[in-house]
Structure formats: C-alpha cells, structure tokens
Amino acid sequence: MSDDDPKQALKNAISEWRKKYGVQDGDPMLAAVELWEIYFTHAQIIGPKDRLPSFEDFRDTLEQLERLGGDFTGRAGEIIQELRAVPKIRSDLNQFPVFALVFTAALALLAGILIGKFML
C-alpha cells in the first residue's frame with residue numbers, strides 16, 4: 001500500500017459523500033471537509049509498530065536517566081575539582097625558591113669543572 005492509496009480513498013469517500021447529499025462546490029461544509037483532508041494529509045499517523053510506552057517503561061527510563069545523570073554529575077564534579085587544583089599546583093611550583101635552583105646549578109657547574117680538571 002503506497003502513500004497515495006489513503007489519499008485517494010479519502011478523495012473517493014468525499015466525492016461519494018458529495019453525490020449522496022448533493023453538496024455543491026461552494027458549500028461551507030465542503031470547505032470544512034477539505035480542511036480535514038489537508039489535516040489528515042499532513043498529520044503523522046502512528047502505525048501499529050510504534051506503540052506508546054507503558055507507565056512501567058516510562059518509569060524505568062526515568063530511573064535510568066536519574067542514575068546516568070547522577071554518574072555524570074559526580075564525574076563533572078571531579079573534573080571541576082581537578083581544574084580548580086591546577087592553579088594551586090602552579091602557585092606551589094612558583095613558590096619554590098629561585099635561589100635553590102641557582103645554587104644547585106652553580107654546584108653542578110663547579111662539580112663538573114673540578115671533575116674535568118682533576119679526573120681527566
């Protein structure tokens with residue numbers, strides 16, 4: 001059955017109705033029937049394969065959505081917490097005294113010079 005068959009069946013039913021009751025072209029009732037024809041042409045008809053979910057299915061879906069939403073909220077909270085810790089790590093690294101780095105570099109340079117002079 002193609003998409004045109006229901007449309008043709010509706011048009012046939014309308015023409016039979018017009019003949020049966022003697023409805024002329026300018027009749028207001030015919031205009032109402034034509035509006036209904038336009039409505040049914042553009043309406044989405046739910047077929048037998050598409051059924052409305054039962055209350056239990058709907059409730060189960062909402063419970064699953066709640067579980068997944070809670071998991072998502074927990075993970076988002078962990079990510080936010082880690083992102084807030086990044087500036088703290090940066091400030092901790094910046095607090096390391098520059099003097100200690102310069103002193104360590106100077107000692108390594110001195111040790112390298114002494115090893116090169118006396119060992120080689």
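What follows is a walk through a predicted model of a protein chain, from its overall make-up down to a few pairs of residues.

The basic layout is easy to take in: the protein chain has four helices and zero strands. Read from one end of the sequence to the other, that gives the pattern α-α-α-α. As for how far the prediction can be trusted, the mean pLDDT of the protein chain is 79, and 87% of the residues reach at least 70. Confidence varies from element to element, with helix 4 scoring the highest mean pLDDT (89) and helix 2 the lowest (76).

Not much of this chain is tucked away. Out of 120 residues, just 4% count as buried. The protein chain exposes about 11400 Å² of surface, and 64% of that comes from carbon and sulfur atoms.

Helix 2 is a good place to look for the buried residues. This helix runs over residues 28–42, and its 15 residues should span 21 Å at 1.5 Å a residue; the C-alpha atoms at its two ends are indeed 21 Å apart, so expectation and model agree. Within helix 2, the residues that count as buried are Leu 30, Val 33 and Glu 37. Looking down the axis of helix 2, these buried residues fall within an arc of 60 degrees, and therefore they line one face of the helix. Turn to the face pointing away from that buried side, and the exposed residues Pro 28, Leu 35, Trp 36 and His 42 come into view.

Helix 1, covering residues 4–21, holds Leu 10. With a relative accessibility of 30%, Leu 10 counts as partly exposed, because the partly exposed class lies between 20% and 50%. Leu 10 also offers a link across the sequence: Thr 41 is 31 residues away along the chain, yet the two C-alpha atoms are 9.6 Å apart in space.

Charged pairs come next. Side chains of opposite charge can pair when their charged atoms come close. In this model the count comes to two salt bridges. One of them joins Arg 59 to Glu 63, with 3.8 Å between the closest N and O atoms. These two residues sit four apart in helix 3 (residues 55–95), which means that about one helical turn separates Arg 59 from Glu 63. Both ends of this pair are partly exposed: Arg 59 has a relative accessible area of 40%, and Glu 63 has 37%.

The other salt bridge links Arg 75 with Asp 71, where the closest N and O atoms are 3.4 Å apart. Here again helix 3 houses the pair, and Arg 75 and Asp 71 are four residues apart, about one turn of the helix. The two partners fall into separate classes of exposure, though. Arg 75 counts as exposed at 53% relative accessibility, since the cut-off for exposed is over 50%. Asp 71, at 41%, counts as partly exposed.

Last comes a nonpolar patch on the surface. About 1100 Å² of it is made by Phe 99, Phe 103, Leu 107, Leu 110, Leu 114, Ile 115, Phe 118, Met 119 and Leu 120. One of these patch members, Met 119, is placed in the segment after helix 4 (98–118). Met 119 counts as exposed, at 65% relative accessibility.

Methods. Residues are numbered from 1 along each chain as its sequence is written. This is a predicted model: local features need pLDDT of at least 70, side-chain atom pairs count only at pLDDT 80 or more; totals for chains, interfaces and linings use all residues. Side-chain values use heavy atoms; hydrogens and water are left out. The expected span of a helix is 1.5 Å times one less than its number of residues. Buried means under 20% relative accessible area, exposed over 50%, partly exposed in between (1.4 Å probe, protein chains only). The arc is that of the directions from the helix axis to the C-beta atoms. Accessible areas come from the Shrake-Rupley method with a 1.4 Å probe; for residues, only the protein chains shown count as cover. A salt bridge is a side-chain nitrogen of Lys or Arg within 4 Å of a carboxyl oxygen of Asp or Glu. Patches are made of residues with over 30% relative accessible area and no salt bridge: like charges are joined within 9 Å, nonpolar side chains (Val, Leu, Ile, Met, Phe, Trp, Tyr) within 5 Å. pLDDT is the predictor's confidence in each residue, from 0 to 100.
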